[in-house]
Amino acid sequence: MADAGRSPLLEIVEGNRSQLLESWVAHQLGSGSGQMRESEIREQSSRFLEEFRSALRSGAGGDAEGPSWQRVKEVLAEVSRTRTAEGFTPSQTAMFVFSIKEPLFRMLRAAVPDGAQLAEEIWKTTVLLDRLGLYTTELYQKTREEVIRRQQLELLELSTPVVELWDGILALPIIGTLDSERTQTVMENLLQRIVDAGAEIAIIDITGVPTVDTLVAQHLIKTISAARLMGADCIISGIRPQIAQTIVHLGLQLDVVSKATMADAFALALKRTGQRIGRSGPAQA
Amino acid sequence: MRVEKDELVPCRTADDIVRVRKEVRARTVALGFTLVDQTKLVTAASEIARNTVEHGGGGIVRLQVVNDGVRNGLRLVFEDRGPGIRDIALAMSDRYSTGTGLGLGLSGAKRLSQDFSIDSKPGEGTTVVLGRWK
């Protein structure tokens, strides 16, 4: 029987540590956590038990929060990282923690004869382990979100090329949704290129923008005013008929020269900058 | 009027606005709306969805395919439990904005849809219904 102040759970983790480790590892191997080597599972399990014991011994509460659980969580972070890298699903990773329940509860049953106390102990233990198991899932999700964020940033960079069409004429083909974050990048890129190229005219092509609502229009207006302050005029091209009608119904006033196609806008830009492109004379026979 | 299909789409973040646009676009295409009608309803939905997210603190959108016995239509019901609108007439007027926008969203959305209704109680939330018929 456990003495006062020492929980049966700590008793088992302290006293029967190697036995618990053996049956836990056996359980994990049996339940097909497949790809991993036994030595690796053993090593991770052993480190988890070690930190789990220290946390219990320092009298930390059963809610898996607080500084004494920090090291347990670090072990779990490591476990989660290696398993995610090896292509484990979040459930498989969480099973690392959950799989200790079976051997642990078996030992608790042997150590606590009183039914009511046993139920109480099992409840407390299961709440604690559930928290830790869910923590690995949270970590998994965080890692994923990190990846998504990075990809979004990369897309942001990729999707806003400013190209020089001709001497002093820049073109900015916008494709996709113009949300606030992206517009910021688009605007910065464009203004920087205007300076670098000493451009007089920038053609903003919105053929690839599926919806022009008031927010998109506002972003466009801001970009155009900023470019104007830098001494460059903007021409908007690629306004399709359905977009034109929508803009009128919305009551938007785009105070800017616009052309239906990029080719028309380019022709206008050439004219404004006093340049000309023509066919060369009749080909020599 | 019969509701033939009723689907729920969350409208809480800026990404959800993009999703609402995509879903509305897909429904209007399926119903055989013309390109102009598709664009009008998608744009109106975009305006109201942004209001739901920014002013209403997030909510839901119901996409309903409706039939009045003669024609099919799409009805969009935007619901939020935000602070509500105190003066609807003022909010509906052009160029009025409590935020930093152009103040054309609500009035523009009304002009872009055939059916429009707005219902709001301060402190309880706002419901906006947009509808367009084939």
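Here are some exercises with worked solutions on a predicted model of two chains, A and B.

**Exercise 1. The layout of chain A**

Task: Find the domains into which chain A is divided, and state what distance separates their centres.

Solution. Start with the bounds: domain 1 of chain A covers 8–155, and domain 2 covers 163–272. Next, take the centres over C-alpha atoms; those of domain 1 and domain 2 of chain A are 55 Å apart.

**Exercise 2. Two helices of chain A**

Task: Describe how helix H2 (residues 17–30) and helix H6 (residues 101–111) of chain A pack.

Solution. A handy starting point is that two packed helices are described by the angle between their axes and the distance between the axes. For H2(A) and H6(A), the angle is about 140 degrees and the axes lie 8 Å apart. Now the handedness: H2(A) crosses H6(A) in the right-handed sense. Then look at who takes part. H2(A) brings A:Leu20, A:Ser23, A:Trp24 and A:His27, while H6(A) brings A:Glu102, A:Pro103, A:Leu104 and A:Met107. Sorted by class, the residues of this contact of H2(A) with H6(A) are five nonpolar, two polar and one charged.

**Exercise 3. The sheet of chain A**

Task: Work out the strand order of the open sheet in chain A, and explain why strands S1 and S5 each have one side without a neighbour.

Solution. Read across the sheet: its five strands come in the order S1-S2-S3-S4-S5, and the pairing is mixed. Strand S1 (163–166) and strand S5 (257–259) of chain A are at the edges, and each has a single partner strand, so one side of each has no neighbour in the sheet. On average, neighbouring strands here are turned by 30 degrees against each other, direction ignored.

For one pair in detail, take strand S3 (residues 201–208) and strand S4 (residues 233–237) of chain A, which run parallel and share five bridges. Within this pair, A:Ile204 faces A:Ile236 in S4(A). Finally, add the helix: H11 (residues 262–272) of chain A packs on the sheet and touches S1, strand S2 (169–175), S3, S4 and S5 of chain A. The direction of H11(A) makes about 175 degrees with that of S3(A).

**Exercise 4. The sheet of chain B**

Task: Give the strand order and the pairing sense of the open sheet in chain B, then follow its hairpin.

Solution. The order of the five strands is S1-S2-S3-S5-S4, with antiparallel pairing. At the edges are strand S1 (2–11) and strand S4 (115–121) of chain B, each of which pairs on one side only. The average turn between neighbouring strands of this sheet is 15 degrees, direction ignored.

Step inward to strand S3 (residues 72–80) and strand S5 (residues 125–133) of chain B: eight bridges join these antiparallel strands. Here B:Asp80 is opposite B:Thr126 in S5(B). Helix H2 (residues 35–54) of chain B packs on the sheet, where it touches S1, strand S2 (59–67), S3 and S5 of chain B, and its direction makes about 175 degrees with that of S5(B).

On to the hairpin. S4(B) and S5(B) pair antiparallel over seven bridges, and B:Ile118 sits opposite B:Val128 in S5(B). Three residues lie between the two strands of this hairpin, and B:Gly123 in the turn has a positive phi of about 90 degrees.

**Exercise 5. Where the chains meet**

Task: Identify which helix gives the largest share of the side of chain A that touches chain B, and classify its angles with two helices of chain B.

Solution. Count the sides: 16 residues of chain A and 21 residues of chain B make the contact. Helix H9 (214–229) and helix H10 (241–250) of chain A each supply at least two residues of the chain A side. The largest share, six residues, comes from H10(A). By class, the chain A side holds five nonpolar, nine polar and two charged residues.

First angle: H10(A) packs with helix H4 (residues 105–112) of chain B at about 125 degrees, the axes being 8 Å apart. H10(A) and H4(B) are therefore oblique. A:Thr246, A:His249 and A:Leu250 in H10(A) meet B:Gly108, B:Arg111 and B:Leu112 in H4(B).

Second angle: H10(A) and H2(B) pack at about 45 degrees, with axes 9 Å apart. That makes H10(A) oblique to H2(B), and their crossing is right-handed. Among the residues in this contact are A:Gln242 and A:Ile243 of H10(A) and B:Leu35 and B:Val36 of H2(B). The classes in this contact of H10(A) with H2(B) are four nonpolar, six polar and one charged.

Definitions and conventions:
Residues are numbered from 1 along each chain as its sequence is written. Chains are lettered from A and ligands numbered from 1 in the order in which they are written. This is a predicted model: local features need pLDDT of at least 70, side-chain atom pairs count only at pLDDT 80 or more; totals for chains, interfaces and linings use all residues. Two residues are in contact if their C-beta atoms, placed from the backbone, lie within 7 Å. Helices (H or I, at least four residues) and strands (E, at least two) are DSSP runs, numbered from the N terminus. Ala, Val, Leu, Ile, Met, Phe, Trp, Tyr, Cys and Pro count as nonpolar, Asp, Glu, Lys and Arg as charged, and the others, Gly among them, as polar. Two strands pair if DSSP finds at least two bridges between them. Axes are lines fitted to C-alpha atoms, for helices over the stretch in contact, and angles run from 0 to 180 degrees between N-to-C directions. Domain bounds come from an automatic or database domain assignment. Angles under 35 degrees count as roughly parallel, over 145 as roughly antiparallel, 65 to 115 as roughly perpendicular and the rest as oblique. A crossing is left-handed if the near helix is turned anticlockwise from the far one by less than a right angle, and right-handed if clockwise.
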